[in-house]
Amino acid sequence: MEACAAGRPEMVSMLLARGADPTAVSKVGNTALIAASEWEEDEGTDYVAVVRVLLKDGRVPVNARTHDYGATALSCACSAVDTERVRVLLLEGGADHTI
């Protein structure tokens, strides 16, 4: 979750290869995909690549919602004003835009 929130695709890939569970959920319902979708890009981060790594893994719940306010990865990407992450979530991940 921390590697996803930090925008580090290489670290996420390594952790997944070593058995990390991309379906784990935080106390408020955040998933790794939500963590990778909610932050604005900054120097040294690559959230689009993290999202792609998670989607490629195939186990992430694309339409999972947080417990606190019902956000999804797609709604977080929209809030972060990142059209590339929105595109990837919709076209590559099959995110449900109606949630």
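Me: Buried means under 20% relative accessible area, exposed means over 50%, and partly exposed is in between (1.4 Å probe, protein chains only). So why is E92 called partly exposed?

Reply: E92 has a relative accessible area of 44%, so it falls between the 20% and 50% limits. Keep in mind that this is a predicted model, where local features need pLDDT of at least 70, side-chain atom pairs count only at pLDDT 80 or more, and totals for chains, interfaces and linings use all residues. Residues are numbered from 1 along each chain as its sequence is written, and side-chain values use heavy atoms, with hydrogens and water left out.

Me: What makes E43 exposed?

Reply: A relative accessible area of 78% puts E43 past the 50% mark, so exposed it is. You'll find E43 in the loop between α3 (32-37) and α4 (47-57). Helices here are DSSP runs (H or I, at least four residues), numbered from the N terminus.

Me: How do you know that R52 and E84 form a salt bridge?

Reply: The term asks for a side-chain nitrogen of Lys or Arg within 4 Å of a carboxyl oxygen of Asp or Glu. The closest N and O atoms of E84 and R52 are 3.4 Å apart, so the pair qualifies. E84 sits in helix α6 (residues 83-92) and R52 in helix α4, so the bridge ties together parts 32 residues apart in sequence. Both ends are partly exposed: E84 comes out at 31% and R52 at 32%.

Me: What makes R52 and E92 a salt bridge too?

Reply: For R52 and E92, the N to O distance is 3.0 Å, so this pair also passes the test. Here R52 in helix α4 meets E92 in helix α6, so the link joins parts that are 40 residues apart in sequence.

Me: And which residue does R85 pair with?

Reply: R85 bridges to D82, with the closest N and O atoms 2.7 Å apart. Both R85 and D82 are buried. Elsewhere, salt bridges with shared partners join R52, E84, R87 and E92 into one network. A search of the whole structure turns up six salt bridges.

Me: How do you know that the buried residues of α2 line one face?

Reply: The buried residues of helix α2 (residues 9-17) are P9, V12 and L16. Looking down the axis of α2, these fall within an arc of 60°, so they line one face of the helix. That arc is taken from the directions from the helix axis to the C-beta atoms. The face of α2 turned away from its buried side carries the exposed residues E10 and A17.

Definitions and conventions
Helix = DSSP H or I, 4+ residues; strand = E, 2+ residues; numbered from the N terminus.
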